[in-house]
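Dear colleague,

I am passing on the structure below, and would ask you to keep it open while you read the notes that follow it.

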Amino acid sequence: DGLAMLNQAVKMNARSVGTYLARGYTNLVWSMEEELPKLLGLLQEGGLGVIDGIRGNNQAFEKALTQLGDKSHLRLALDDFDLAEKLCPNNDDVWSARAYALQNFPGQERRALECYTKATQLNSHDPNLLVERVEFLMANPQLMIDPAKVANRAAEDVDGAVLAELIAEKFPIVSEQLEADLGKALELKKDAKTFFLRGSLRG
């Protein structure tokens with residue numbers, strides 16, 4: 001059992017960042033297989049809306065995690081990423097792992113983006129990190145909106161037209177930044193996905 005071996009590895013060396021990350025990823029995979037539908041259901045019950053995808057909603061996520069229990073695979077994965085961060089707060093792998101863990105959950109998109117951004121700041125010479133951040137932001141254009149723009153609005157107040165207008169307002173600045181990141185990624189490594197994202201961004 002791989003998880004049992006990783007538990008043993010942590011017991012033998014509680015200072016190994018790599019071991020915590022490996023165990024965290026293992027629990028994350030188990031969580032995606034066993035807990036994802038229940039967790040998404042709990043988040044839906046929390047009434048998450050469009051605004052939560054822009055501003056973020058950590059309270060709803062933490063409540064859902066509490067309902068899953070302290071021994072849920074996702075809780076254990078996030079705990080391991082926290083332990084890895086305490087050992088090595090400037091390790092880009094730690095921040096990338098946390099971003100990967102959070103990116104699929106409603107209300108956690110902004111936290112995931114912040115983690116992707118932190119990873120690229122710590123290691124701007126890794127083309128994969130640059131591409132991952134660009135790809136995530138392109139898949140979640142609502143994150144281009146300044147949260148302050150919707151700070152005092154209810155979810156039902158922001159319809160599709162308003163969203164499109166707010167995204168369009170910020171897009172020129174954000175697209176310039178993404179273009180620069182993809183250009184740097186291509187300088188570091190020629191890759192089909194990077195060319196595809198760059199073409200999509202320009203299109």
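Apart from its neighbours within four places in sequence, Y25 is in contact with F81, S96, A97 and Y100 in this predicted model. Y25 belongs to helix α2, which spans residues 17-34, and with a relative accessibility of 31% it counts as partly exposed, because that value falls between the 20% and 50% limits. The C-alpha atom of Y25 is separated by 9.2 Å from that of L78, although the two residues are 53 apart along the chain.

Some of these residues also take part in a pairing of two helices. The axes of α6 (residues 73-87) and α7 (residues 92-102) come within 9 Å and cross at roughly 160°, and α6 and α7 are therefore roughly antiparallel to each other. Their crossing is left-handed, with the contact made by L78, F81, D82, A84 and E85 from α6 and by V94, W95, A97, R98, A101 and L102 from α7.

Further along the chain, you may wish to look at helix α11 (residues 192-202), where T194, L197 and L201 are buried. These three lie on the same side of α11, because they cover an arc of only 65° around the axis. The other side of α11 has A192, F196 and R202, which are exposed, while the cover over the buried residues includes α9 (127-139) and α10 (160-188). At the N-terminal end, α11 is capped by D191, of which a side-chain oxygen lies 2.9 Å from the backbone nitrogen of K193.

With best wishes

Technical notes: Residues are numbered from 1 along each chain as its sequence is written. This is a predicted model: local features need pLDDT of at least 70, side-chain atom pairs count only at pLDDT 80 or more; totals for chains, interfaces and linings use all residues. Side-chain values use heavy atoms; hydrogens and water are left out. Buried means under 20% relative accessible area, exposed over 50%, partly exposed in between (1.4 Å probe, protein chains only). Helices (H or I, at least four residues) and strands (E, at least two) are DSSP runs, numbered from the N terminus. The arc is that of the directions from the helix axis to the C-beta atoms. Contact means heavy atoms within 4.5 Å. A polar contact is a pair of N or O atoms within 3.5 Å; within protein, one must be able to donate a hydrogen and the other to accept it, and residues adjacent in sequence count only if both atoms are side-chain atoms. Axes are lines fitted to C-alpha atoms, for helices over the stretch in contact, and angles run from 0 to 180 degrees between N-to-C directions. Angles under 35 degrees count as roughly parallel, over 145 as roughly antiparallel, 65 to 115 as roughly perpendicular and the rest as oblique. A crossing is left-handed if the near helix is turned anticlockwise from the far one by less than a right angle, and right-handed if clockwise.
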